[in-house]
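Biologist: I'd like to learn how to read salt bridges in a model. Can you walk me through it?

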Amino acid sequence: MPFNSTDDLERQLDSMPMVEPPGLKATLMAQIRFKCEGRLQPADRLKPVRAPFPKRYFAFAYAAAAIIIIVLAIRHAAPPQRNAAASMVAVDVEEAPVIAHIASDGAELTVRGNGELFLVEAPRGIIDWDRARLTAVSFRNHGVVLRRRAAGQAVVRLSLPDHKQLSAAIDLR
């Protein structure tokens, strides 16, 4: 019976009658029982077979291996300590500590510093600063917020209408 395609082969195989498997299981089990009956006593048949390595030791070893793998995975996922860093919300410059305060005859100049930002406050007058070392970031009602451009010392001046001047030196670290 030649076939030309897999469809022909499938049709031919489907047309064949199914064959029942031989009854080997019953005969094999009977032979095994016959051979074992002489060796085992009835009391031995009821005893549970103990493995040479108890299951609980295997369970403990498996749990220890799982813990080691989890610890190694966590340590691998975490960045090394030398690359660790923290971020914090910067304190508003208005809440920064006062680093310079000068008052004379009703005129007042206050400088607050927070890292690179400085708030220069004066209720009246014109505020001027060292433009080579500081740059203006924003202007407020009675002051200006300055950002450090370069390290060193900068001078902040307050000019009043009656030709008085107040000046404060700021250490830019």
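Biologist: Let's start with one residue: is E121 buried, partly exposed or exposed?

Modeller: Buried means under 20% relative accessible area, exposed means over 50%, and partly exposed is in between (1.4 Å probe, protein chains only). E121 has a relative accessible area of 29%, so E121 is partly exposed. Keep in mind that this is a predicted model, where local features need pLDDT of at least 70, side-chain atom pairs count only at pLDDT 80 or more, and totals for chains, interfaces and linings use all residues. Residues are numbered from 1 along each chain as its sequence is written, and side-chain values use heavy atoms, with hydrogens and water left out.

Biologist: Which side chain meets E121 in a salt bridge?

Modeller: A salt bridge here is a side-chain nitrogen of Lys or Arg within 4 Å of a carboxyl oxygen of Asp or Glu. For E121 the partner is R112, at 3.5 Å from N to O. R112 is partly exposed too, at 21%.

Biologist: How many salt bridges does the structure hold?

Modeller: Eight. One of them pairs D105 with K164, with the closest N and O atoms 2.4 Å apart. D105 sits in the loop between β1 (98-104) and β2 (107-114), and K164 in the loop between β7 (152-159) and β8 (165-172), so the pair ties together parts 59 residues apart in sequence. Strands here are DSSP runs (E, at least two residues), numbered from the N terminus.

Biologist: And how exposed are D105 and K164?

Modeller: D105 is exposed at 62%, while K164 is partly exposed at 31%.

Terms used
Helices (H or I, at least four residues) and strands (E, at least two) are DSSP runs, numbered from the N terminus.
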